[in-house]
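Please examine the sequence and the model shown below before reading on. The explanation moves from the ligand to its surroundings.

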Amino acid sequence: METLKSHNPATGEILGEVEITPAEEVPNIVATAKAAQPAWGDLGLEGRAELIKATADIFVDRVQEHGELMTKEMGKPLKEAIGEAKSLGWGIEEELAEIIEALTPEVVEDGRLRSTIYHDPLGVVGAITPWNFPMSMPAWMILPSLAAGNTVVFKPSEETPLCGQAYADVLNEVLPKDVLIVIHGADDQGKAIVQSDVDMIAFTGSREAGKHIMREASGTLKRVVLELGGKDPMIVLGDADIARAAKFAASNSFRNAGQVCISTERIFVMDSVAQEFEHALTEIASVMTVGSGMGDADVGPMVNSHQRDHVLGQLGAAIAGGAEVLAGGDGHYDNFVVPTVLGNVTDEMDIANAETFGPVACVTRVSSVDEAVTKANDTHFGLGAVVFGGDSEETAEVARRLTAGMIGINSAPGGAVGTPWVGARQSGFGFHKSPDGHKQFTQTRVVTSRA
Ligand code: NAD
């Protein structure tokens, strides 16, 4: 049996290995999950929720273990990993309550007809996930799929198989057999899931893989939810609180070494405050420490050498093209990239267009709000966006002109609990979380009789 070895990107140490699922076995695995679905569906919404609820305590008990595993397997600082591990158990009860409310049948009468809207299970959901949030991304898709009555075949990223397995192991302590089945491997196994008889693909990952999945799924018109990459802009208006804006820019450009789908990747700052902003951001970046996430470093390694080479390639090309290094720029070693602030970034540079997914803050000065908005919207992506400003009316107006799915005003783009996580344009479609998101994992059926 072929195995997939898991490496610590900070040290190169081999952490463990999993058996690779042969791609040709995927159809049989999907058939097994399909056979398990009717009994799982028959438990009903409340019955399934009751079972899943029991995992909350297990996740809470394993916060430290899961946090350390995430840090070792993909590099994020332990503090961030512990936060992710905590999120797995702490919100389960509330999320299940939200799912029950969203999926409970609704009766609609118009005086003549009486209809009931049901939200039935689809069947088998294929969940394919990335490595950057190696336990919460699976949770965001698998939990609502299961609660809705589907069975799930789940393929974690080949970079984080141990995290994916650890997440599924907790659920499998309470779930009936074959309701959640893990498939290990890389894109061959992902492709085999997409081509199989699953009823839906829930995918979080790159735009390129998302496009491929959509093409492949079109053959049988499989349902797809695609949560893809981004190139998030941040606008800093002339009356913004500059210290606060710079602090946000540093945290949202360098968190998880920039390997976050809603990282701030392009900053457009008004000329009048550009120098002050660049100075403040540079000061923060210059004192940030780089090292293993198991120590007290602010920034861990890139997930692998391929990702490091991509980031350093974009950086090198930008510097050669006239970008100014305000902080970082050198001192990189092994898989570690030093938090870097680039000034004078121009539209034609690759770093201004393609997703970087590294600890780089790119600053472009602009002379008007219109120019800032035009540049911010000049992208195929549309996941998150942020605007910092003082005058609340003007700042809110700028926010409404941005074409992203999630826009933060003087704060991060992610919305309040209960709101969807949603991308626009080529950042994908469909939702994570929220009542709209939960309904994606169901087939709506309307049954009507005379009132
Ligand atoms: P990736 O697309 O390389 O891989 C994601 C998963 O898909 C992996 O499990 C991989 O094995 C599998 N895969 C790859 N090609 C496939 C194919 N053709 N068919 C089926 N499966 C395939 O992405 P990644 O490098 O793991 O993750 C980083 C990307 O994920 C970034 O672009 C990031 O912005 C994005 N992301 C988006 C969100 C969001 O909510 N929108 C959240 C996290 C990450």
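The paragraphs that follow treat the ligand site, then a threonine in a strand that contributes to that site, and then a second threonine in another strand.

The model is a predicted one, and the ligand is a convenient place to begin. The ligand sits in the largest pocket. Its shell comprises 30 residues, and the closest of these are Thr129, Glu158, Ser206, Leu228 and Glu355. Three polar contacts may be inspected in turn. At Thr129 the partner is a backbone N or O atom, placed 2.9 Å from an oxygen atom of the ligand. At Glu158 a polar side-chain atom lies 2.7 Å from an oxygen atom of the ligand. At His212 a polar side-chain atom lies 3.0 Å from a nitrogen atom of the ligand. On its own the ligand has 850 Å² of accessible area, and the protein covers 90% of that area.

The shell can also be described by its secondary structure. At least two residues of the shell come from each of helix H9 (187–195), strand E8 (200–204) and helix H10 (207–217).

Strand E8 leads to Thr204, which belongs to that strand. Is Thr204 buried or exposed? Thr204 counts as buried because its relative accessible area is 8%, and the cut-off for a buried residue is under 20%. Setting aside residues up to four places away in sequence, Thr204 touches Ile128, Thr129, Pro130, Met137, Met141, Glu227 and His432. Among these, Thr129 is also one of the closest residues to the ligand. With His432, the side chain of Thr204 forms a polar contact of 3.4 Å between side chains. Thr204 may further be related to Gly229: the two residues are 25 residues apart along the chain, and their C-alpha atoms are separated by 8.6 Å.

A second threonine, Thr340, is located in strand E13 (residues 340–343). Thr340 has a relative accessible area of 0% and is therefore buried. Beyond its neighbours within four places in sequence, Thr340 is in contact with Phe254, Leu315, Ala327, Gly328, Gly329, His332, Pro359, Val360 and Ala361. Which atom of Gly329 lies 3.0 Å from a polar atom of the side chain of Thr340? The atom concerned is the backbone nitrogen of Gly329.

Taken together, Thr204 is buried and Thr340 is buried. The side chain of Thr204 has a polar contact with the side chain of His432, whereas a polar atom of the Thr340 side chain lies 3.0 Å from the backbone nitrogen of Gly329.

Technical notes. Residues are numbered from 1 along each chain as its sequence is written. This is a predicted model: local features need pLDDT of at least 70, side-chain atom pairs count only at pLDDT 80 or more; totals for chains, interfaces and linings use all residues. Side-chain values use heavy atoms; hydrogens and water are left out. Helices (H or I, at least four residues) and strands (E, at least two) are DSSP runs, numbered from the N terminus. Buried means under 20% relative accessible area, exposed over 50%, partly exposed in between (1.4 Å probe, protein chains only). A polar contact is a pair of N or O atoms within 3.5 Å; within protein, one must be able to donate a hydrogen and the other to accept it, and residues adjacent in sequence count only if both atoms are side-chain atoms. Contact means heavy atoms within 4.5 Å. A residue is near a molecule or strand if one of its heavy atoms lies within 4 Å of it. Accessible areas come from the Shrake-Rupley method with a 1.4 Å probe; for residues, only the protein chains shown count as cover. On a 1 Å grid over the protein atoms alone, a cavity is a set of points where a 1.4 Å probe fits but cannot get out, and a pocket is an open set with protein on both sides within 12 Å along at least five of seven lines; lining residues have an atom within 4 Å of a point. A molecule sits in a cavity or pocket if more than half of its atoms lie within 2 Å of its grid points.
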